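I opened my notebook to get to know this structure a little. Here is what I looked up, entry by entry.

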Amino acid sequence: MVYDMFKCSIALICLIWFPSTYAHKVNLFATLEGNLIKGYGYFPGGGRVQQVKVQLLDSKGTFIGETTTDEQGRFEYPITRQGDYTLVLDIGDGHRTHFTVTSPSSEKIEISPPLQKEGGSDLRQSIDCKTELRELLEQAIKQHLTPLREQIDAYEQHIRLHDILGGIGYIFGIMGFYLMIKKSLK
Amino acid sequence: MHIADGVLSLPVLATGALLALGGVTIGLKKLEEEQIPKAALLSSAFFVASAIHLPLGPASVHLVLNGLIGLILGWVAFPIILIALFLQAVLFGFGGFSVLGVNTLNLALPAVLCFYLLSPFVLRGNQRTAFLYGWFAGALAIGLSTVMLGLSLLATGREFIHVVQLSLIAHLPVMFLEGFMTGSIVVFLRQVRPQLLVSWSTTCLNVQ
């Protein structure tokens, strides 16, 4: 009898303290790099989505094309026009998710022009330099931002202990409320 | 086991919602005051169990516990599971809101079936038979839930072979694990708190 209680308490402890962030849903992450949409499908907490179709829709929801994830869950799709795109991943067993990729033109990086008093060809040169500079900056910032975005996306999927406790609290709260109503109706 | 939003067609969603509503109404009618703490406990167990995955080989499995809920509570499984699924959708993003009815039906109806088929037997006999009946309840509940999941997908128009592959075959190890867990829990409850396992069917059959 003691042994059984011991077994059960171990199970209970595992249930409560198991540092697991596995979630029973599927997620997509994607970015736009130049003319290529790159991304991957994953199960939050571990595991990539392998050999599953990913559909590409434009900002109006029109179907544009589809591709398939590889063994690492990765996929790529070349686009011809800048804009916002929505990717839909449907595994077919009831799991489905979508992700919207925004084009860089909607994330303009403004470089305030320095005060200048040049004229003529000097002006043209400085404008070319500025465009190059802007493009370099965009690339560099994107390089640094993308891993951060991935981290945020994955972090949002984390199941937190306080959500679990909140859910349990709600359940007991609802039951208590129901009991209260039943008693007062007697 | 949780179907996400946007997968099923509207007729399937509507039918599922209506049937689940019927089940919940029956469950609430049969809910007695003394059962409410039990119900809250099992709802919490269901809520937490689906959130915790245990790695098993290349994939990971999680407990569902709808067999156990059916054994102990019968029709009350419907409101229990509905509440837990709703909270999972809100707090974890599992499943969805439009599919709440279908998901509830898929999980709670097998629970009720297990109640009618197996709950009279868990207090009878010795530990081994109790474990076996518990095992059957767990495995059967998962099996039926997977079948209903497959039916929901089929009714929406998915290809049959694809659905069978993805839902039925993939859930076989879950059936075994769930059976084992349910059997163990039933045996434990028999020893520690046999009153928890008493249901209308056991009292009807005058079990000691």
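Is Phe92(B) buried or exposed? I remembered that this is a predicted model, then looked up the value: Phe92(B) has 7% relative accessibility and counts as buried.

I turned to its partner next. Phe47(B) and Phe92(B) form a stacked aromatic pair, 5.1 Å centre to centre with 20° between the planes. Phe47(B) sits in helix H2 (residues 36-49) of chain B and Phe92(B) in the loop between H4 and H5 of chain B, so the pair ties together parts 45 residues apart in sequence. Phe47(B) is also buried, at 0% relative accessible area.

I searched for other ring pairs and found 11 aromatic pairs over all chains. One of them is tilted: the rings of Tyr40(A) and Tyr42(A) have their centres 5.6 Å apart and their planes at 45°. Both tyrosines, Tyr40(A) and Tyr42(A), are buried, and they form one aromatic cluster with Phe29(A) and Phe99(A).

I then followed helix H1 (residues 10-30) of chain B. H1(B) has 21 residues and reaches 30 Å from its first C-alpha to its last. I listed its buried residues, among them Val12(B), Gly16(B), Ala20(B) and Gly27(B). The buried residues cover an arc of only 105° around the axis, which puts them on the same side of H1(B). On the other side I found exposed residues, including Leu10(B), Leu18(B) and Lys29(B). Helices H4 (77-91), H5 (100-118) and H6 (127-156) of chain B are among what covers the buried residues of H1(B).

Last, I looked for disulfides and found zero over all chains. I noted two cysteines anyway: Cys129(A) is exposed at 53% relative accessibility, whereas Cys114(B) is buried at 0%.

Methods. Residues are numbered from 1 along each chain as its sequence is written. Chains are lettered from A and ligands numbered from 1 in the order in which they are written. This is a predicted model: local features need pLDDT of at least 70, side-chain atom pairs count only at pLDDT 80 or more; totals for chains, interfaces and linings use all residues. Side-chain values use heavy atoms; hydrogens and water are left out. Helices (H or I, at least four residues) and strands (E, at least two) are DSSP runs, numbered from the N terminus. The expected span of a helix is 1.5 Å times one less than its number of residues. Buried means under 20% relative accessible area, exposed over 50%, partly exposed in between (1.4 Å probe, protein chains only). The arc is that of the directions from the helix axis to the C-beta atoms. Contact means heavy atoms within 4.5 Å. A disulfide is a pair of cysteine sulfur atoms within 2.5 Å. Rings of Phe, Tyr and Trp (its six-membered ring) pair if their centres lie within 6.5 Å; planes under 30 degrees apart count as stacked, over 60 as edge-to-face and the rest as tilted.
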